Amino acid sequence: MSNKYLIGFDIGGTKIGIGLGTIDGVIVQSDRLDNKNTDPAVILPRLAAIAKELMAKENITGKDVLAFGISTPSPADIPNGIITTPPNNPYWRNVPIKSYLENALQIRGCFENDANCGALAEWLFGAGKGCKDMIYLTMSTGIGAGIIAGGKLVQGKTFLAGEIGHSVIEPYGRQCNCGLKGCWEAYCGGRAIAQRMQEELAGQTGHAMLKYAKDGLLENLDMLSLENAARDGVEYAVKLWDEMCLRDAQMFGMLMNIFNPEKIVLGTIAYAAGDFFMEPVKKYLPDFAWKETLEACQVVPSLLKRDIGSYAGLAGALYELKQTGIL
Ligand SMILES: [Zn+2]
């Protein structure tokens, strides 16, 4: 185990994870902080204090830590390290978190969006280890991605590369939260699928799907209800699940032909639903990718799974140190 350390901050909508780990990706100390409707004026000093506590527990100081990384929700001002308008917390507006923590800890800071940090984590510590070209897709309530191409994270001119969930797959289709219509996320994101079921089944009190919603309530229909109902063969669910798998395969196929990756690493749904999701997707893939790009690419579930947040900030920091030649 290396004696060089990194600190990762994973800024989530309800929790912030803080981890102290080595450059080999071994987390040695960690803590969590509630982040529901918090005030940054309170939280920022707490983050610095917790980071110092973790270092003290490990008997090290800031001098032993090469860098810290912040995995931030979008939208954010990436070059300046500012969390701008996180969707789940109305009190965080234009918070210069990177410079605050750099000053408080006297450690070099890195700042990257959570999907990119997730991709870096899978690439450096997880299922994508050793690949030169890989794509990580979050596949949860929303669909986000981080793209590693030619051994580099693709950031784009204005740091928006990887917003694959908002590729329009159905012109003038379902309204997406982002403002466009027909986005992939509007068809296959967990939140959008729940909304769609609730719209389509509104007023149908005796519908077979309601049995799969918590307390039998329409507003509790979610991705898990859909999966369970589809597994039981409920016609509505079978059709919708199949449509989702088809559209996912369509996008994976496009990604294969655009980037020719060695791996596509999938978050939540791939490990939560397993073969029930992966099998239909793999059945449809040959219709959407060339044989050559398909054969070159393994579609695999995330290895870090629910722990990915713990590695996200560390991975962001490690990547930047490698990019700048420090490591
Ligand atoms: Zn969209």
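**Exercise 1. In which sense do β4 and strand β7 (residues 109-113) pair, and over how many bridges?**

Before solving this, two notes on the model. It is a predicted model, in which local features need pLDDT of at least 70, side-chain atom pairs count only at pLDDT 80 or more, and totals for chains, interfaces and linings use all residues. Residues are numbered from 1 along each chain as its sequence is written.

*Solution.*
- Step 1: Recall the terms. Strands (E, at least two residues) and helices (H or I, at least four) are DSSP runs numbered from the N terminus, and two strands pair if DSSP finds at least two bridges between them.
- Step 2: Look at β4 and β7. Their pairing is parallel, over five bridges, and Gly 69 sits opposite Cys 110 in β7.
- Step 3: Now turn to strand β1 (residues 5-11). Six bridges join β1 to β4, and the two run parallel; here Gly 8 faces Gly 69 in β4.
- Step 4: Check how covered β4 (residues 65-72) is. Seven of its eight residues are buried, where buried means 20 or more other C-beta atoms within 10 Å of a residue's own, exposed means 12 or fewer, partly exposed lies in between, and C-beta atoms are placed from the backbone.

**Exercise 2. Find the edge strands of the five-stranded open sheet.**

*Solution.*
- Step 1: Write down the order, which is β10-β9-β8-β11-β12, with mixed pairing.
- Step 2: Pick the strands that pair on one side only: these are β10 (152-153) and β12 (298-301).
- Step 3: Follow β12 inward. Strand β11 (residues 263-266) pairs with β12 in the parallel sense over four bridges, and Ile 264 stands opposite Val 299 in β12.

**Exercise 3. Describe how domain 1 meets domain 2.**

*Solution.*
- Step 1: Set the bounds, which come from an automatic or database domain assignment. Domain 1 covers 5-121 + 307-323, and domain 2 covers 131-302.
- Step 2: Place the two domains. Their C-alpha centres lie 28 Å apart.
- Step 3: Count the contacts (C-beta atoms, placed from the backbone, within 7 Å). Eight residues of domain 1 are in contact with twelve residues of domain 2.
- Step 4: Name the elements. On the domain 1 side, α3 (114-125) and α11 (308-323) give two or more residues, and α3 gives the most, with five.

**Exercise 4. Why does the largest nonpolar core lie between the domains?**

*Solution.*
- Step 1: Define the core as a set of buried Ala, Val, Leu, Ile, Met, Phe, Trp, Tyr and Cys residues joined through C-beta atoms within 7 Å.
- Step 2: Size it up. The largest one has 98 residues, and those with the most contacts inside it include Phe 68, Leu 120, Ile 264 and Ala 315.
- Step 3: See who contributes. Helix α7 gives the most, with ten residues. Domain 1 and domain 2 both give residues to this core, so it lies between them.
- Step 4: Zoom in on Leu 120. Leaving aside residues up to four places away in sequence, Leu 120 touches Gly 146, Leu 153, Ala 315, Gly 316 and Tyr 319.

**Exercise 5. Test whether the length of helix α7 (residues 235-259) fits its residue count.**

*Solution.*
- Step 1: Use the rule that the expected span is 1.5 Å times one less than the number of residues.
- Step 2: Compare. The 25 residues of α7 should span 36 Å, and the end C-alpha atoms are 36 Å apart, which agrees.
- Step 3: Look just past the end of α7, where Asn 260 takes a positive phi of about 50°.

Technical notes. Two residues are in contact if their C-beta atoms, placed from the backbone, lie within 7 Å.
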